[in-house]
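Dear colleague,

I am passing on the structure below, and after it you will find my notes on what turned up when I went through it. Please read them with the coordinates open beside you.

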Amino acid sequence: MSIQMIGIDHGTAGIDIRTVFSVTKRTMEELLVQVKQMPGVEGCVMISTCNRMELWISTGTDRDAGLYEAYCRFRGVSPDEYRRYFQFRWEREAAEHLFRLAAGLESRILGEDQIITQVKDALTFAREHEMTDPVLETLFRLAVTAAKKVKASHISFSGANQSVVHVALAQLKHMGYSFSGKRCMVIGNGVMGKLAATLLQQEGADVTVTVRQYRSGVVEIPENCKRIDYGSRMELIGSCDFVFSATVSPNCTVTREQLEEHMGKPLVLVDLAVPRDIDPDTTEIPGVVLFDLDSFQEKAGSREQQEAVRKAEECLKEQLEEFFVWYEYRDMMPRIQEIKEKFAQDLSARLTKKLHGISASGEEQEMLLSEIEGAAQRSVNKLLFGLRDGAGRDAFRECLSVLEQIYTA
């Protein structure tokens, strides 16, 4: 049995390379169906965002499942051409990567929140299409849980509450651009489009958002923004100072030919999509400046950020070890869980009489007992980790049998 993953992201490949391997929901389903049918594959999950595409599998063997080659065949490209852009991870390295990813430690914006939802959504999508198995279910669930604990610990990352839209606007302002009083069009009314429109409006811009005609009567747009039918966007573009595009369309929302026909003054284009929304050839038009997702990246590496990463990694360790205890001894997990619960109950029972002598309300005593039970289970976890690491598999099973006799008799 093994966990395998392949991935391509903003750290290894530019936007044009990532576009080759980007998928829609429909093509993701088609890919997962094909992967699940590969020999030995028991479960598969895909994470697909603007910045990364990762394909995960659990298999019944330790052999290379040929995941990369299968992905390339699905996309109709040569494996030899793109291999250098991919990362290949197995077992512990793969699991550690997923935990770091979910916590935002591998993100373009260090510590950003959105990736937790994206990892959770990837698991949900695979589950709804019956592609997961117990190994990937547990791995992804615990990675999300660990990431939430990092968030709850209030570890301070400089850009944790930001998105690429926040960073894009901040860096454009740093370059000398101003949005106050400027006419801006936002193409796309999804999550990123709405955020861009809202932030631009807060900067004092005159913002118009495109909507599809068949949705124009029901779709909501950010407050104080205007709307225009998507099909009429080029009629407005000639009077715009900035155009932000953030759609999931497989086709360009602004092409060079369209812009040459309608452009009226110098224009800044900001493409927030993968695949690209805006034709790169628009930069050949005098007066056009184009930025894409790879133009914006938070600069990391300060002492404070390094300390935040260290704290986050420490926070992830317990859930990561919990996963590997389950993974390596999953056939014994019901027995391990019962031992943990019995140990905690035994400790609580021994302390209950002592607590009755403490000057505290019933509610306070119940809260204290609950905390003690939680601490007891964590102590047993630590004990089990030590036994697992210090003894061989057979010795660990013997120790577990002894503990089982003590606490479940």
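The largest nonpolar core of this predicted model has 70 residues, and those with the most contacts inside it are Trp56, Tyr71, Leu139, Phe140 and Phe323. Its largest share, 10 residues, is contributed by helix α7, which covers residues 134-152. Leaving aside neighbours within four places in sequence, tyrosine 71 is in contact with Ile6, Phe21, Val23, Leu31, Met46, Met53, Leu55 and Phe86. Apart from this core lies another, of 31 residues, which includes Val164, Val207, Val274 and Phe291.

Helix α7 deserves a paragraph to itself. Its buried residues are Val135, Leu136, Glu137, Thr138, Leu139, Phe140, Leu142, Ala143, Val144, Ala146, Ala147 and Val150, and the buried residues of α7 pack against β1 (2-9), β2 (41-48), β3 (52-59), α5 (91-102), α6 (114-128) and α12. As a check on its geometry, the 19 residues of α7 should span 27 Å at 1.5 Å a residue, and the end C-alpha atoms are indeed 27 Å apart, so the two values agree. After α7 comes histidine 154, whose phi is positive, near 60°.

The same check can be made on helix α12 (residues 303-328), where 26 residues at 1.5 Å a residue should span 38 Å, and where the end C-alpha atoms are 36 Å apart, which agrees. When you look along α12, please note that the helix bends by about 35° at lysine 317.

Turning to the strands, how many of the five residues of strand β5 (residues 183-187) are buried? Four of them are, so β5 is largely enclosed by the rest of the structure. Strand β5 is joined by four bridges to strand β6 (residues 206-211), and the two run parallel; within this pairing, cysteine 184 of β5 stands opposite valine 207 in β6. Between these two strands the chain crosses through helix α9 (residues 191-202), and the resulting β-α-β crossover is right-handed. Valine 207 also brings us back to the cores, since Val207 is among the residues of the 31-residue one.

Strand β5 is likewise joined by four bridges to strand β8 (residues 242-245), again in a parallel arrangement, and here valine 186 stands opposite phenylalanine 244 in β8.

With best regards

Note on methods
Residues numbered from 1 in each chain as written. Predicted model: local features only at pLDDT ≥ 70, side-chain atom pairs only at ≥ 80, totals over all residues. Heavy atoms only, no water. Buried < 20%, exposed > 50% of the residue type's maximum accessible area, 1.4 Å probe, protein only. Pairing = 2+ DSSP bridges. Right-handed = clockwise from strand over helix to strand, strands pointing away. Core = buried A, V, L, I, M, F, W, Y, C linked by side-chain atoms within 4.5 Å. Contact = heavy atoms within 4.5 Å. Expected span 1.5 Å × (residues − 1). Bend = angle between axes of the 7 residues up to and from the residue.
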